[in-house]
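Me: I'm new to this one and would like to learn how to read it. Could you take me through it step by step?

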Amino acid sequence: MASMLGDAEGLIHWGPPLSREESRSWIERNLRRYASDGIGRCAVVLRSTAELVGDCGLIRTLVEGQPEVELGWIIRRTHRGKGIATEAAVAWRDYGFDSLGLERIVSMVSEKNVASRRVAEKLGMTVEREAMWGDLPHLMYSLHRDAKETTRRPGPGGEIREHRSRKSR
């Protein structure tokens, strides 16, 4: 995790790279989130090799003073473009709506991060507005439970197909 969070080129749209100690603090902060909120970011591991290739998850956060549940992801540069972020984010989106009963989920994405913007759009999210998050400007993508009923999911080979949730069948 420290090598991924310390990759300056890989995190160019996320923020400054983290040192090993800052990475440890980042992990500990997510463990505390699980203890207090029941959600947080977690490792994304390839089933075939058990290799850590990223992280993804939901966190409770403040965006310009307003409470939000944010869905975020980071994938190692060597594994980008393979649908891993989308697959992980779809699972977390569905868990948030179907198991946690959330009404809304946001993703805070740098305007320059075309790949993450595409992931958010594949999740069915649309840009709600520009917002400051931390000290950086972001596009606030959002999705409401009602809008999730009909979304587009990546199919075999990465093509997009319509998906209707179990509730709408």
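Reply: Happy to. Let's start with one residue: leaving aside neighbours within four places in sequence, W73 is in contact with R41, D55, C56, A85, A89, S107, S116, V119, A120 and L123. Keep in mind as we go that this is a predicted model.

Me: Which nonpolar core residues have the most contacts inside the largest core?

Reply: The general idea comes first: in soluble globular proteins, nonpolar side chains tend to be buried together. Here the largest nonpolar core has 26 residues, and C56, L58, L71, W73 and L123 have the most contacts inside it. Strand 2 (52-63), strand 3 (66-75), helix 3 (84-99), strand 4 (104-109), helix 4 (114-122) and strand 6 (136-144) each give two or more residues to this core. Helix 3 gives the most, with seven residues. There's also a second, separate core of five residues, including V63, V106, M108 and M140.

Me: R41 turned up in that W73 list. Is R41 buried or exposed?

Reply: Buried means under 20% relative accessible area, and R41 has 11%, so R41 is buried. You'll find R41 in strand 1 (residues 41-45). Its side chain makes a polar contact with the side chain of D55, at 2.9 Å. Beyond its neighbours within four places in sequence, R41 has a whole list of contacts, among them W26, N30, Y34, E70 and W73.

Me: What does R80 count as, going by its relative accessibility?

Reply: The class between buried and exposed runs from 20% to 50%. R80 is at 39%, so R80 counts as partly exposed. Look for R80 in the loop between strand 3 and helix 3. Try a distance there too: R80 and A115 are 35 residues apart along the chain, and their C-alpha atoms are separated by 8.7 Å.

Me: How many helices and strands should I be looking for?

Reply: The protein chain has five helices and eight strands. Reading from the N terminus, the order is α-α-β-β-β-α-β-α-β-β-α-β-β.

Me: In what sense do strand 4 and strand 6 pair?

Reply: A handy general point on strands: in a regular strand the side chains alternate between the two faces of the sheet. In this model, strand 4 and strand 6 pair in the antiparallel sense over six bridges. One pair to find is R104 with its bridge partner H144 in strand 6. Strand 6 also pairs with strand 5 (residues 126-133), in the antiparallel sense over seven bridges, and there T126 has S142 as its bridge partner. Strand 5 and strand 6 form a hairpin with two residues between them, and G134 in the turn has a positive phi of about 70°.

Me: Where is confidence lowest, and where is it highest?

Reply: Where pLDDT is low, the predicted coordinates should not be read in detail. In this chain, confidence is lowest in strand 8 (residues 160-164), with a mean of 36, and highest in strand 4, at 97. Over residues 152-169 pLDDT stays under 50, and the model has 36 contacts beyond four places in sequence for that stretch. For the chain, pLDDT averages 82, and 76% of the residues score at least 70.

Me: What share of the protein chain's residues count as buried?

Reply: Of the 169 residues, 44% count as buried. The accessible surface comes to about 9,500 Å², with 51% belonging to carbon and sulfur atoms. And among contacts between residues at least 6 apart in sequence, 49% join residues at least 24 apart.

How values were computed. Residues numbered from 1 in each chain as written. Predicted model: local features only at pLDDT ≥ 70, side-chain atom pairs only at ≥ 80, totals over all residues. Heavy atoms only, no water. Core = buried A, V, L, I, M, F, W, Y, C linked by side-chain atoms within 4.5 Å. Buried < 20%, exposed > 50% of the residue type's maximum accessible area, 1.4 Å probe, protein only. Helix = DSSP H or I, 4+ residues; strand = E, 2+ residues; numbered from the N terminus. Contact = heavy atoms within 4.5 Å. pLDDT = per-residue confidence, 0-100. Areas by Shrake-Rupley, 256 points an atom, 1.4 Å probe, with all protein chains shown as cover. Pairing = 2+ DSSP bridges. Polar contact = N/O pair within 3.5 Å; in protein donor to acceptor, adjacent residues only side chain to side chain.
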